[in-house]
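Colleague: I am new to this structure. Could you walk me through the words used to describe it?

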Amino acid sequence: MYRPLDPSGGIRILVLEPSNDEAQISCRLIPHHINSRPDYKALSYEWGSQSDLKPISLNGQEVFIGENLWWALWYLRKGSIITPTRLWIDALCINQQDEKERGHQVSMMGSIYRNADVICWLGRGDGQKHVRAMEYICDRSSGLMEARVAKWRSGSSESATAKSHRTFIHDGSISKDTATFPPLPSDDSPATIFDLIPGTRTRIQPKAGATSLADNFNHRSKEVPHFSDIEALCSHSYWRRTWIIQEFVLGKAIQIRLGPREVQGEDFQHVAQQVLLQKLNEGGLQLLDAFRIFNLREDRLQGHNLPLVRLIELSEKSFCQDLRDRIYAMIGLASDCQHGEIVPDYSKPLSAVHDDVVIRHFYPSDRDRFGYSWATVCTSHLVQRVLWKTSESLSECMQDSGTKYNPEPSLLSVHGKGCGNVTGLSVPQGGMWWAHPGLVKSISPSPTNNEVQSVARKLSTILPWFWKLLRDTDISQQIGQDEETEAAIMQADVGGSLDCYVPGRTQVGDRICRFTNSSIVAVLRLQRESTILIGRGMILDGLGDLTIFDEGETGKSKHFIENMFHKLGPVLSFELTPIQLKSLASPHY
């Protein structure tokens, strides 16, 4: 069924045959080259549970697909009674059993979606709130279409250039684009309806510390019709799927479908926004899953750079079946990954994917004129958060990292900001029983010793007699000593009012180092004119929460570097291995 594709840009197009409701869904695959600009629409949808599968006919063979995809095909084939519908659907157009083809096609996803109008399938409409919201949006959008036609007939229609999507500028300036939409007709008093004209509102960030919509309500006493329904539709699980970010943002045009109902993406956004802003402020609007994606699309249409790290932050709370897709689903959209900087490879373990992103891609570009990176530690922490499952420890993820994935360079040079030297150590009251072991821990300065100990532990698990053989040897004693030492947490006096905790290996005179935009604290020691990493510590605020060294922008800009060197506290520079980096920046759950 799946013949090999042209490695220079081959894709498959799914031809969906039109038919009545009772006939089996019938499709066929035809090969194309992406550079030939084939005509097709790309389907964006949730894979959903694969436990309840339904049959279709694909190239004359019976194939079973997920229920949500089955319903999408069932409704889409009704849209064209005579002409077949040409689609690109990842589950069917990619041989999912071929890891090499899968990785190659994923690397082409950016081109595939840029060349297509995208159908966003929100399901057949099982929830009543979703159905009511979509019906309301469709009704209102038909009024928008009538207004556009009337305006066009009057000879005052806008140019194709002016009919761009809403534009918001990050620096707070207002776009000069003219209005794309007329105000919606309202059932309520005009005084209570926001006359929201696309292109004339700036993007407002959510309130500081806001974590929910409740923190961003306008607190109006009146009930807003349709608010609850539209809020539910904009929080649909579809918007939280990892691949949606790329698929929605890159499409030439967007059509949103719920069962038989369909609406253009810009109309959906406009109608939903007018209703929601009667009760939410604009910061609250951006906490809704749908509007985070809408806003990202606007940024791309305006030509803003979308670096991979920013997109990974967006993908952190999204859902995907393969955790590698938290990275790979962003590559086609990332402005700094358009020339093969990261090649999807589903045979790689998660640890190797981390190294591709942080060590081979981000670290070289982040080094300043002194050859050091300011943001590699916090970037490693971010990438590890999106890749490691909460039930997995760093060591479990590292077990799959074979020698062929060992990253280069062997040593990484990083900058941090000193916040004091250790002048005294004491045992904390209460024993710090509540502290997660990942927050405060020793990190061996000798990777070779770590590797030997790791091998010894693995052999002792497989061969119980092996531990008996080594129980009187130095290595078994060293392993026990390391485990005992790493479990110890000390309170460090570093001057000022800092509530600082460090691993048991810390000595008086060691330096405490913080990293930009991160709560991670490193304990460093000057040894033979070089600075070595001793372990990871933590600094708590007055409420017992981790403090974040928030410095806003980071990078190689002259302003940032001069600011960091002139701020109170010395710049601490040191080298560490990739394994030490992952240990220092490992997430805790």
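**Terms and values**

Modeller: Gladly! Of the 589 residues in the chain, 50% count as buried, a term for residues under 20% relative accessible area (over 50% is exposed, partly exposed is in between; 1.4 Å probe, protein chains only). This is a predicted model, in which local features need pLDDT of at least 70, side-chain atom pairs count only at pLDDT 80 or more, and totals for chains, interfaces and linings use all residues. Residues are numbered from 1 along each chain as its sequence is written, and side-chain values use heavy atoms, with hydrogens and water left out.

Colleague: Why is Asn59 called partly exposed?

Modeller: Its relative accessibility is 33%. That value is neither under 20% nor over 50%, so Asn59 counts as partly exposed.

Colleague: And where does Asn59 lie?

Modeller: Asn59 is in the loop between strand E4 (53-58) and strand E5 (61-66). Strands here are DSSP runs of E with at least two residues, and helices are runs of H or I with at least four, numbered from the N terminus. The phi of Asn59 is near 50 degrees, a positive value in a residue other than glycine.

Colleague: What makes Asn517 partly exposed?

Modeller: Asn517 has a relative accessible area of 30%, which falls between the 20% and 50% cut-offs, so partly exposed is the right term. Asn517 sits in the loop between strand E15 (511-514) and strand E16 (521-527). Its phi is positive, about 55 degrees, although Asn517 is not a glycine.

Colleague: How many helices and strands does the chain have?

Modeller: The chain has 20 helices and 18 strands.
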